[in-house]
Every structure is written in C-alpha cells, then in structure tokens.
Amino acid sequence: MIKQFLMNLLLAFIWVALTGALYYSNFLFGFLIGFAILWVMNRAEEDKRYFTRVPKTIYLIFYFLYEMIKANIQVAYDVITPKYFFKPGIVRYPMSARTDLEINLLSTVISLTPGTLILDISEDKKTLYIHVMYLKDKRSFIKQMKNGIERRLLEILR
Amino acid sequence: MKDIILILFCTIGTLAILFASIGILRMPDFFLRLSVTVKASTLGVGFLLAAAAMVFPEVFVTTKAIAIGFFLLLTTPVAAHMIGRVSYVSGIALWKGTQLDELDGMYDEEHNLKSDHATENFKARENS
C-alpha cells in the first residue's frame with residue numbers, strides 16, 4: 001500500500017523531471033500515468049487495495065464537496081429568508097469508527113458539513129453527540145450518516 | 001474562460017462569508033450561530049484562496065494557498081468542537097424550538113461523558 005503510493009509519487013516526479021514543467025496540472029498528469037503503469041504491472045499481485053482506494057478517495061472528496069455546497073445553499077436560503085425552517089436537536093450517534101485516526105477524520109468531515117456540528121465525544125470513544133440543524137427524524141438521520149459519509153470513509157481507511 | 005471561473009469563485013466565496021455574518025445576527029441561539037459561522041466561513045475562505053491561486057501563476061502563491069486551506073480544514077472543526085463543548089458544559093440555553101437534546105444529563109460531576117443511557121433521568125424522559 002505505502003510502497004505502491006511512494007512508487008507512484010516517484011513516477012510522477014520522473015514525469016515532471018522529463019517534461020521539465022513544474023506545474024500542478026503536469027504533476028497530476030504524471031501521477032495518473034504512474035497510476036496506470038503501476039496498475040498494469042501489478043495485475044498479478046495479491047494486494048490490489050491501492051488501486052481501489054485511490055478512485056474511492058477521489059470520489060469521496062467530490063461527494064463531500066457536493067454535499068457541502070448543497071447544504072450550504074440550504075443554510076444560506078434559511079439565513080436570508082425571514083421565516084425559520086430549521087428544527088435543531090442534539091443527536092446521540094453510535095459510530096462504527098474505532099481508532100483515533102478514523103474518529104478524527106469522521107468528526108472533521110461531519111463538522112465541516114453545514115447543518116451538523118460535533119458537540120462532544122464520549123469517554124469510551126463509542127458515541128458522538130451531534131448538533132443537527134434540520135432534524136426531521138432521528139433514525140433516518142443516523143441511517144443516512146451511516147450509509148453515506150461514514151461507510152465511504154471507512155471503506156477507504158480499512 | 002478563466003475570468004468567468006475567477007468571477008464565479010470570488011462571488012461564491014464572498015456570498016458565503018456574507019451569509020455567515022448575517023447568520024450570526026439572525027440565528028436564535030448560540031449553537032446555531034456557531035453551526036452557521038464555522039462552515040460558511042471555511043467554504044468562503046476556501047473559494048477566495050482558490051481564486052487567488054488562479055490569479056497569480058507563481059508557484060509560491062499556489063503552495064501558500066494550499067497550505068492555508070489545509071490548516072484551515074484541520075483546525076476549524078477542532079475549534080468549533082471545543083467552543084461547542086465549553087458552551088454546553090457551562091450551561092448556555094438551547095433555543096425553545098429545539099426538538100431533541102440527547103446530551104442532557106449525560107455528563108457526570110467531573111464532566112466525563114457517558115455513551116449509554118444508564119441514567120434514570122434519560123430513561124424517564126424517553127418513556128414520557
């Protein structure tokens with residue numbers, strides 16, 4: 001996993017050195033070419049997790065940006081119109097993330113999505129207390145978080 | 001083409017920050033204010049930094065923009081979490097329209113947080 005990532009970075013740097021243009025777009029292009037080369041060369045290897053993780057990470061970033069902008073528009077609409085549409089509430093959320101890194105990334109992502117804010121984490125690291133702005137139903141909110149952000153994040157990390 | 005993207009990014013960023021500052025005035029309680037401000041300002045500053053990185057083609061501007069964005073994403077949720085926790089522990093009242101408060105009664109005397117509802121307080125409220 002780490003070895004393949006470092007090899008990919010090395011291939012990207014070689015591409016940048018050969019073309020002689022230090023731009024981000026050129027580096028990204030080299031990274032993609034290196035990814036393709038590694039993918040072709042490691043067809044017979046057993047550990048192919050790296051090649052599913054990179055597309056999933058990119059997909060997660062775009063999914064997160066989409067959710068963030070969508071929810072921001074909703075909050076902005078609520079702020080500038082005179083009537084309040086929100087129903088705030090504090091929800092107890094049992095999380096599947098276990099290690100510190102997983103919890104950290106999960107709570108960062110939840111805090112950055114508009115409408116949800118982490119208030120506290122229990123001492124035994126099993127539940128999050130989330131302040132939600134648009135709480136229609138507690139169960140459907142928990143299900144939506146579990147199937148959306150958390151599942152995608154844990155697929156990459158595990 | 002580049003100009004159009006720049007105009008779009010600057011407009012979205014500025015509008016996000018404007019809505020965040022209107023939100024501080026208009027929201028009815030502290031947690032909603034925090035909730036609105038933190039995200040919208042992160043998004044706004046992110047868009048403005050992206051626009052700045054596009055205007056100046058030098059490498060060091062882009063690296064600085066990426067570094068600022070990275071540290072902003074890293075530190076803003078932590079600050080929001082700490083402010084939210086302190087304000088809840090010190091007993092700032094929730095808005096009267098609040099639907100559900102599952103954090104109520106979960107702290108013990110040393111402000112350690114429990115994760116299950118072993119408290120009678122919680123059970124009584126759930127039955128009612």
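The expected span of a helix is 1.5 Å times one less than its number of residues. By that yardstick α3(A), with 32 residues, reaches 46 Å from its first C-alpha to its last, close to the 46 Å expected. The model described here is predicted, and it holds a chain A and a chain B that meet through 34 residues of chain A in contact with 35 residues of chain B. Strands from both chains also join in an open sheet, whose order is β2(A)-β3(A)-β1(A)-β1(B).

**The shared sheet**
- The sheet has 4 strands, and its pairing is mixed.
- Because β2 (116–121) of chain A and β1 (100–101) of chain B each have a single partner strand, they stand at the edges, and one side of each is left without a neighbour in the sheet.
- At one of these edges, β2(A) pairs with strand β3 (residues 127–132) of chain A in the antiparallel sense over 5 bridges, and within this pairing A:Leu117 has A:His131 as its bridge partner.
- The link between the chains is made where β1(A) and β1(B) pair in the parallel sense over 2 bridges, with B:Asp101 of β1(B) as the bridge partner of A:Ile90.

**Helices against the sheet**
- Helix α3 (residues 59–89) of chain B lies across β2 and β3 of chain A, and it runs at about 65° to β2(A).

**The side of chain A that touches chain B**
- In the contact between 34 residues of chain A and 35 residues of chain B, at least two residues of the chain A side come from each of α3 (49–80), β1, α4 (100–112), β2 and β3 of chain A.
- Among these elements α3(A) gives the most, with 6 residues.
- By residue class, this side of chain A divides into 18 nonpolar, 9 polar and 7 charged residues.

**Helix α3 of chain A**
- The buried residues of α3(A) are A:Asn72, A:Val75, A:Ala76, A:Asp78 and A:Val79.
- These buried residues pack against two helices of the other chain, namely α1 (2–26) and α2 (30–55) of chain B.

**Chain B as a whole**
- Chain B has 4 helices and 1 strand, and from the N terminus on its elements run α-α-α-β-α.
- Of the 128 residues of chain B, 23% count as buried.
- Among the contacts in chain B with a separation of 6 or more, 53% are accounted for by residues 24 or more positions apart.

Definitions and conventions. Residues numbered from 1 in each chain as written. Chains lettered and ligands numbered in written order. Predicted model: local features only at pLDDT ≥ 70, side-chain atom pairs only at ≥ 80, totals over all residues. Pairing = 2+ DSSP bridges. Contact = placed C-beta atoms within 7 Å. Axes fitted to C-alpha atoms, helices over the stretch in contact; angles between N-to-C directions. Nonpolar A, V, L, I, M, F, W, Y, C, P; charged D, E, K, R; others polar. Buried ≥ 20, exposed ≤ 12 C-beta atoms within 10 Å, placed from the backbone.
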